[in-house]
Amino acid sequence: MNWESLCKGLNAVDRFCASAELSGVQYDSRQVRHGDVFVAMRGEATDGNRYIEAAIGAGASAVVTDSREAYEKLRREHAQVGAAVVERGRRALAEVSSEVMGHPERDLALSAVTGTNGKTTTAFLLETMLRSVGRTCVLIGTIETHVGDEMRVSPHTTPESRDVLEIFENGVRVGATEAVMEMSSHALEQERVWGLPVDVAMFTNLTQDHLDYHGTMENYFAAKARLFEGVGAPLPRVAVINSDDPYGKRLIVGSQASQLMTYGLEPSSGDYRAEEITLHAGETRFIFKTPKGDVPIRSSLTGRVNVYNLLAASCAALARGLTLEEIVAGAASGAQVPGRFEVVPASNNLTVVVDYAHTDDALRNLISLARELVKERGGKVITLFGCGGDRDKTKRPRMGRAAGEGSDLVVLTSDNPRSEDPMTIIEEALAGVRETETKCIVERDRAEAIGLAIRAARAGDIVLLAGKGHEKIQILRDGTVPFDDVAVAAGVLKEIG
Ligand SMILES: CC(=O)N[C@H]1[C@@H](OP(=O)(O)OP(=O)(O)OC[C@H]2O[C@@H](n3ccc(=O)[nH]c3=O)[C@H](O)[C@@H]2O)O[C@H](CO)[C@@H](O)[C@@H]1O[C@H](C)C(=O)N[C@@H](C)C(=O)N[C@H](CCC(=O)O)C(=O)O
Ligand SMILES: Nc1ncnc2c1ncn2[C@@H]1O[C@H](COP(=O)(O)OP(=O)(O)OP(=O)(O)O)[C@@H](O)[C@H]1O
Ligand SMILES: N[C@H](CCC[C@H](N)C(=O)O)C(=O)O
Ligand SMILES: [Mg+2]
């Protein structure tokens with residue numbers, strides 16, 4: 001690709017078309033290789049424009065900048081380098097990446113899921129269903145990225161457009177026809193998904209999280225709603241929306257998609273419903289009621305929240321052309337989603353569960369599920385949790401309260417403290433636990449705390465290890481260390497025999 005032809009198509013305020021061959025696109029100067037175009041964007045932590053010299057030093061042939069000043073400097077000092085100044089860096093990044101990579105997004109039918117909780121699980125479920133009918137898929141989300149059969153680790157839930165498009169391009173190469181991805185509110189707000197044509201858009205739910213970033217629930221909702229408006233792309237063809245959720249109801253009223261599929265458990269709500277639900281540890285069954293007929297769904301996922309996730313994925317699978325029978329088979333073939341109600345094998349009648357609940361709503365759902373499961377055997381619910389540092393502080397006391405309200409014992413510990421003092425975070429969460437009568441043990445060291453929680457349990461009890469799910473690291477002020485709730489719990493269980 002030649003910069004001259006690329007920059008002619010770019011929606012730039014001003015540009016300088018030096019003759020340069022381009023090999024790739026980068027938005028991080030540290031990744032630039034010879035012949036790349038570097039897109040310099042202002043951020044919150046720093047400003048990509050500060051790294052233009054470094055990018056040119058690393059071999060950038062052209063620079064797209066969102067700073068007039070940087071553009072003028074480039075023109076004065078680097079006449080051999082192509083340059084363009086744009087209004088919005090992330091939009092330009094998406095447009096340039098798509099052009100350079102040959103528009104891979106046009107070759108994939110994209111299903112995207114947003115909402116506070118359930119995105120990862122729903123995306124996994126839909127991918128499983130699509131794969132079960134032989135389609136080759138790309139999956140992008142919090143835990144893993146899949147390119148056909150290849151598995152990669154995910155640095156972000158929703159990467160920058162350049163990285164999404166590269167994954168798409170890799171997918172197209174191996175014959176993928178479908179892409180399933182989570183779209184986080186951060187990514188929608190920042191337009192990391194600019195220009196991606198969404199075929200099926202799914203909404204799970206909206207409850208409090210990320211107010212450090214969005215400020216208010218209305219802003220947070222507006223960011224999520226952007227998925228249904230098309231971000232630099234046409235409106236999604238099909239909107240799949242949870243009609244039991246108050247914010248879902250608002251999306252339904254405003255929906256302009258040519259096909260709207262509403263789902264829920266409440267009798268008066270969705271066109272696609274779950275009835276006759278039976279919930280056990282490791283098995284969920286319900287009748288999937290649809291305008292096209294009713295079928296029995298069985299899945300190895302646990303809990304009511306997963307009925308919602310199964311409904312969302314099933315609706316999306318229908319929209320992607322699967323039959324009801326194929327959906328039944330796909331749901332039954334789904335394996336464990338890592339760190340989502342993952343039961344750690346134990347031989348002593350204790351149930352230890354690792355789950356990614358990291359909001360008050362998710363904790364409440366998790367604890368009430370555990371309560372249902374121990375009810376018959378008269379067991380107790382022991383909940384271990386912590387709150388992430390450098391994240392929404394207002395959710396801390398809410399999480400504390402949610403943990404205290406439903407549990408028989410709370411063990412309050414660290415999650416990922418990041419740059420914050422772990423004890424300060426714990427104090428903020430403790431204020432919420434103290435609003436309840438429940439006994440609370442505080443232990444800042446998560447490994448120690450897991451030991452305390454499991455050792456406090458008796459046969460028949462459930463121990464919930466919440467917040468870190470699939471994560472394999474702990475992010476501390478002094479650095480990042482390997483950490484795995486499942487492995488730590490398995491170690492303790494082995495010790496106590
Ligand atoms: C708040 C937020 O979303 N921040 C993300 C955002 O940062 P930013 O726009 O402020 O960018 P910045 O760090 O100031 O850098 C500006 C520019 O300079 C560039 N740069 C920077 C340094 C350098 O040496 N050279 C260089 O070129 C950067 O690549 C960037 O293009 O863009 C950066 C580049 O992609 C991300 O690394 C960064 O993620 C931070 C680390 C983060 O923690 N993000 C989280 C909150 C996030 O996005 N989470 C959601 C999921 C949430 C959920 O699942 O509930 C996600 O989608 O992952
Ligand atoms: N549909 C749902 N409604 C409410 N809570 C849910 C739902 N699905 C899952 N959860 C809870 O939320 C946790 C996270 O689930 P999941 O990873 O699927 O969500 P996510 O939206 O991808 O989260 P994140 O934004 O942090 O990546 C689960 O471990 C479970 O406790
Ligand atoms: N992806 C989300 C969830 C993080 C979960 C929890 N382990 C934490 O670190 O707060 C975030 O970055 O806010
Ligand atoms: Mg996720």
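Which of the 20 residues around ligand 1 come nearest? Keep that in mind as you look through these close-ups of a predicted model.

**Figure 1. Here is the neighbourhood of ligand 1.** Gly 43, Glu 44, Gly 48, His 156 and Ser 184 come nearest, out of the 20 residues around this ligand. Sort the shell by residue type and you get 6 nonpolar, 10 polar and 4 charged residues. Two domains chip in here: domain 1 (3-100) and domain 2 (104-333) each supply at least three residues of the shell around ligand 1.

**Figure 2. Now for ligand 3 and its surroundings.** The residues around ligand 3 are Thr 157, His 358, Gly 388, Arg 391, Asp 415, Asn 416, Gly 467, Lys 468 and Glu 471. You won't find a nonpolar residue in this shell, which is made up of 5 polar and 4 charged ones.

**Figure 3. This view takes in the domains.** The domain assignment splits the protein into domain 1 (3-100), domain 2 (104-333) and domain 3 (342-496). Between the C-alpha centres of domain 1 and domain 3 there are 46 Å.

**Figure 4. Here is an open sheet built from 11 strands.** Follow the strands across and the order reads β9-β8-β7-β10-β6-β11-β12-β13-β14-β15-β16, with mixed pairing. The edges belong to β9 (150-153) and β16 (293-299); each has a single partner strand, so one side of each has no neighbour in the sheet. On average, neighbouring strands are turned by 20° against each other, ignoring direction. Two helices pack on this sheet, as the following sentences show. Helix α5 (residues 119-132) touches β6 (109-114), β7 (137-140), β8 (144-147), β10 (178-182) and β11 (198-203), and its direction makes about 170° with that of β10. Helix α10 (residues 246-254) touches β11, β12 (238-242) and β13 (259-264), and its direction makes about 150° with that of β12.

**Figure 5. Zoom in on β14 and β15.** Strand β14 (residues 272-280) runs antiparallel to strand β15 (residues 283-290), and 6 bridges link the pair. To pick out one of the matches, find Ala 274: its bridge partner in β15 is Phe 288.

**Figure 6. Strand β10 gets its own close-up.** Is β10 enclosed or open? It is largely enclosed by the rest of the structure, because 5 of its 5 residues are buried. In a regular strand, side chains alternate between the two faces of the sheet. For β10, one side holds Glu 178, Val 180 and Glu 182, the other holds Ala 179 and Met 181, and all of them are buried, so both faces are covered. On to the partners: β6 pairs with β10 in the parallel sense over 5 bridges, and Val 113 stands opposite Glu 182 in β10. β7 also pairs with β10 in the parallel sense, over 4 bridges, and here Leu 139 has Val 180 of β10 as its bridge partner.

**Figure 7. Last stop: Gly 330 in helix α12.** This glycine is found in helix α12 (residues 324-333). Why does Gly 330 count as buried? There are 24 other C-beta atoms within 10 Å of Gly 330, and 20 or more are enough for a residue to be called buried. Leaving aside residues up to four places away in sequence, Gly 330 touches Thr 128, Met 129, Ser 132 and Ala 317. Take a look at Arg 298 too: 32 residues separate Arg 298 and Gly 330 in sequence, while their C-alpha atoms are 9.6 Å apart in space.

Note on methods:
Residues are numbered from 1 along each chain as its sequence is written. Chains are lettered from A and ligands numbered from 1 in the order in which they are written. This is a predicted model: local features need pLDDT of at least 70, side-chain atom pairs count only at pLDDT 80 or more; totals for chains, interfaces and linings use all residues. A residue is near a molecule or strand if its C-beta atom, placed from the backbone, lies within 6 Å of it. Ala, Val, Leu, Ile, Met, Phe, Trp, Tyr, Cys and Pro count as nonpolar, Asp, Glu, Lys and Arg as charged, and the others, Gly among them, as polar. Domain bounds come from an automatic or database domain assignment. Two strands pair if DSSP finds at least two bridges between them. Axes are lines fitted to C-alpha atoms, for helices over the stretch in contact, and angles run from 0 to 180 degrees between N-to-C directions. Two residues are in contact if their C-beta atoms, placed from the backbone, lie within 7 Å. A residue is buried if 20 or more other C-beta atoms lie within 10 Å of its own, exposed if 12 or fewer, and partly exposed in between; C-beta atoms are placed from the backbone.
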